[in-house]
Amino acid sequence: MSLRVHDLRHAFKRTPVLRGVHLQAEPSSMIGLVGPNGSGKTTVLRACYRALRPDAGELWLGGDPMDALPRRELARRLGVAMQEPSPTSGLTVRDAVALG
């Protein structure tokens, strides 16, 4: 399933963090977000799985605007495995995916 991000923008307390981010990931592709600490990598990812509402921009998942997808449908289509410890720590990948 494809993921498309167009002109993503976000600021924290008037400090711009994302300014016009564009990316597109197609099925079977791999994308790396690279940059120094504080450059907005995590903010982009949080916007992509709707843990953060960006100030502007469009996010599309499988050809559908993500804002139009109910949370349940989004959970069926998109899974996130975070690097940081979470409530799902200790679960197998299969178990964590089944939570969606």
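The following dialogue examines how several descriptions of this predicted model are justified.

Trainee: What makes S1 and S2 paired strands?

Mentor: Strands pair if at least two bridges are found between them. Strand S1 (residues 3-12) and strand S2 (residues 15-25) are joined by 8 bridges, so they satisfy that criterion. The two strands run antiparallel, and Arg9 has Arg19 in S2 as its bridge partner.

Trainee: What lies between S1 and S2 in their hairpin?

Mentor: There are 2 residues between the strands. Lys13, in the turn, has a positive phi of about 50°.

Trainee: How do you know that S1 also pairs with S3?

Mentor: The same criterion, at least two bridges, applies. S1 is joined to strand S3 (residues 56-61) by 5 bridges, in an antiparallel arrangement, and therefore these strands pair as well. Leu3, for instance, has Leu61 in S3 as its bridge partner.

Trainee: Why is Leu69 called buried?

Mentor: Buried means under 20% relative accessible area. Leu69 has 7% relative accessibility, and therefore counts as buried. This residue is located in the loop between strand S4 (64-65) and helix H2 (71-77). Apart from neighbours within four places in sequence, Leu69 contacts Arg50, Leu61, Asp64, Leu74 and Arg77.

Trainee: Why is Leu45 called partly exposed?

Mentor: The partly exposed class lies between the limits of 20% and 50%. Leu45, at 47% relative accessibility, therefore belongs to that class. Leu45 is part of helix H1 (residues 41-48).

Trainee: Which residues make the nonpolar surface patch?

Mentor: Ile31, Leu33 and Leu45 make this patch, of about 250 Å². Patch residues need over 30% relative accessible area, and Leu45 has 47%.

Key
Residues numbered from 1 in each chain as written. Predicted model: local features only at pLDDT ≥ 70, side-chain atom pairs only at ≥ 80, totals over all residues. Heavy atoms only, no water. Helix = DSSP H or I, 4+ residues; strand = E, 2+ residues; numbered from the N terminus. Buried < 20%, exposed > 50% of the residue type's maximum accessible area, 1.4 Å probe, protein only. Contact = heavy atoms within 4.5 Å. Patch = residues over 30% accessible without salt bridge, like charges linked within 9 Å, V, L, I, M, F, W, Y side chains within 5 Å. Areas by Shrake-Rupley, 256 points an atom, 1.4 Å probe, with all protein chains shown as cover. Salt bridge = Lys/Arg side-chain N within 4 Å of Asp/Glu carboxyl O.
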